Amino acid sequence: MIAVQQLTKRYGRHTAVEDVSFHCEPGTVTGFLGPNGAGKSTTMRMICGLTPPTAGTATVDGRPYRQLPNPGRTVGVLLDASAQHAGRTGREALAVAAATMGVDRRRVGELLDRVGLGPTAARRRVRAYSLGMRQRLGLAHALLGDPRVLILDEPANGLDPEGIFWMRGLLRDFADRGGTVLLSSHLLREVEAVADRLVVIGGGRIVAQGDKDELLAGDGAVVRARDGAALRAAMHRAGLTVSEGSDGLLVGADTETVGQVALAAGVALTELRPAGGGLEQLFLTLTATAPGPVVPATTIAEPTGEVVR
Ligand SMILES: Nc1ncnc2c1ncn2[C@@H]1O[C@H](COP(=O)(O)OP(=O)(O)OP(=O)(O)O)[C@@H](O)[C@H]1O
């Protein structure tokens with residue numbers, strides 16, 4: 001469990017993070033979303049005791065990070081994959097961390113396998129690693145102490161599509177076994193596939209947070225089928241509003257309803273997803289302008305301050 005309460009960080013007159021509060025519960029993946037410079041890394045660094053907050057508190061499993069007796073046993077952290085000892089091999093880097101944490105050395109080999117760094121990669125010096133390999137090693141490092149909590153800053157950076165798919169599976173499995181995951185990204189689509197909850201930050205302030213499905217629902221569904229005419233006719237017959245979107249039909253109903261209508265009509269779908277219009281729009285606006293006020297869970301505030309849903 002991660003509890004963040006009214007965290008604020010000022011650098012001189014610049015406010016990097018302001019009054020940020022959220023919780024991450026066991027068994028869930030929380031996607032921490034925001035454009036570049038929004039305050040994600042600063043918030044995560046405060047949770048991990050690396051940046052002292054100007055105000056507010058953050059705890060992991062009920063304690064501030066710095067008061068955890070052996071932090072790596074409670075929380076696995078990956079904040080900057082490029083900041084690893086370049087002169088050590090991947091195996092050496094993990095072995096040193098295992099010794100520091102008091103972890104059985106045999107876990108080193110297991111974890112190298114688990115993150116897809118085979119024997120050849122494990123023998124290479126970290127300076128020769130690609131960013132994707134460093135992310136994998138960083139993840140192995142984070143998992144080394146068998147923690148119940150993971151805090152990962154942009155872990156998908158540098159991973160290829162197969163690597164991103166693999167990482168999603170690993171994080172989903174971790175949460176399904178009761179773990180707590182907080183992962184940041186500047187890409188909605190990247191976390192949408194794995195997160196249960198979303199916390200959206202812009203200009204240092206929370207602009208939306210809540211259950212992912214609730215945040216993405218209510219804006220209709222995007223649906224496609226090889227037989228577009230049959231799909232459109234089925235939606236019409238069911239009394240649903242239909243319009244042509246840029247990447248499929250936009251239907252004014254949730255994905256479950258749309259899927260059932262298509263099934264009943266015998267139309268095979270090639271794609272079905274929440275339209276996510278509000279969140280997409282919020283993201284586009286956030287990227288362009290400064291944010292507005294903090295709003296309660298499962299609502300979205302436009303950067304102007306107007307609540308749009
Ligand atoms: N040490 C520092 N001194 C001064 N300003 C800082 C410092 N660290 C971060 N900032 C500022 O705080 C704001 C938030 O930065 P932060 O790195 O937390 O954003 P981010 O959401 O992680 O962005 P990115 O996705 O680009 O990593 C930015 O305006 C940044 O310039």
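What follows is a chat between a biologist and a modeller about a predicted model of one protein with a ligand.

Biologist: I'm new to this one, so how many helices and strands does the protein have?
Modeller: This is a predicted model, and in it the protein has twelve helices and 14 strands.

Biologist: And what percentage of the residues is buried?
Modeller: Of the 309 residues in the protein, 42% are buried. As for how the chain meets itself, 68% of the contacts with a separation of 6 or more are between residues 24 or more positions apart.

Biologist: Which domains does the assignment give?
Modeller: The domain assignment gives domain 1, covering 2-215, and domain 2, covering 220-275. Taken over C-alpha atoms, the centres of domain 1 and domain 2 are separated by 37 Å.

Biologist: Let's go to the ligand. Which residues surround the ligand?
Modeller: The residues around the ligand are Tyr11, His14, Ala16, Gly34, Asn36, Gly37, Ala38, Gly39, Lys40, Ser41, Thr42 and His186. By class, that shell has three nonpolar, eight polar and one charged residues.

Biologist: Which helix or strand supplies the largest share of that shell?
Modeller: Helix H1 does, with three residues. Strand E2 (14-24) and helix H1 (40-47) are the elements that each supply at least two residues of the shell around the ligand.

Biologist: You mentioned E2, so in what sense do E1 and E2 pair?
Modeller: Strand E1, residues 2-11, pairs with E2 in the antiparallel sense, over seven bridges. Within that pairing, Ala3 stands opposite His23 in E2.

Biologist: What do E1 and E2 form, and how many residues are between them?
Modeller: E1 and E2 form a hairpin with two residues between them. Gly12 in the turn has a positive phi of about 60°.

Biologist: Is Gly12 buried or exposed?
Modeller: Gly12 counts as exposed because just 5 other C-beta atoms lie within 10 Å, and a residue with 12 or fewer is classed that way. Gly12 and Arg125 are 113 residues apart along the chain, and their C-alpha atoms are separated by 39 Å.

Biologist: Which residues other than glycine have a positive phi?
Modeller: Gln6 is one of them, with phi near 50°, and Glu154 is another, also with phi near 50°. Gln6 is found in strand E1, while Glu154 is found in the loop between strand E6 (149-152) and helix H7 (161-176).

Biologist: Are those buried or exposed, and why?
Modeller: Gln6 counts as partly exposed because it has 14 C-beta neighbours inside 10 Å. Glu154 counts as buried because it has 21 C-beta neighbours inside 10 Å, and the cut-off for buried is 20 or more.

Biologist: Where is Pro155, then?
Modeller: Pro155 is found in the loop between E6 and H7, and Pro155 counts as buried, with 27 C-beta neighbours inside 10 Å.

Biologist: What does Pro155 touch?
Modeller: Not counting residues up to four places away in sequence, Pro155 touches Leu78, Gln135, Leu139, Met167 and Leu183. Pro155 and Arg232 are 77 residues apart along the chain, and their C-alpha atoms are separated by 39 Å.

Biologist: Switching to the nonpolar side, which members of the largest core touch the most other members?
Modeller: The largest nonpolar core has 65 residues, and Ile47, Ala140 and Ile151 touch the most other members. Helix H6, residues 131-143, gives the largest share of this core, six residues. As a general point, nonpolar side chains in soluble globular proteins tend to be buried together.

Biologist: And what is Ala140 in contact with?
Modeller: Leaving aside neighbours within four places in sequence, Ala140 is in contact with Leu94, Leu111, Leu112, Arg114 and Val115. There is also a second, separate core of 16 residues, which includes Ala221, Val223, Leu249 and Ala262.

Biologist: Last one, where does Asp211 lie?
Modeller: Asp211 lies in strand E9, residues 205-211. With 15 C-beta neighbours inside 10 Å, Asp211 counts as partly exposed. The C-alpha atoms of Asp211 and Leu68 are separated by 29 Å, and the two residues are 143 residues apart along the chain.

Technical notes: Residues numbered from 1 in each chain as written. Predicted model: local features only at pLDDT ≥ 70, side-chain atom pairs only at ≥ 80, totals over all residues. Near = placed C-beta within 6 Å. Helix = DSSP H or I, 4+ residues; strand = E, 2+ residues; numbered from the N terminus. Nonpolar A, V, L, I, M, F, W, Y, C, P; charged D, E, K, R; others polar. Core = buried A, V, L, I, M, F, W, Y, C linked by C-beta atoms within 7 Å. Contact = placed C-beta atoms within 7 Å. Pairing = 2+ DSSP bridges. Domains from an automatic or database assignment.
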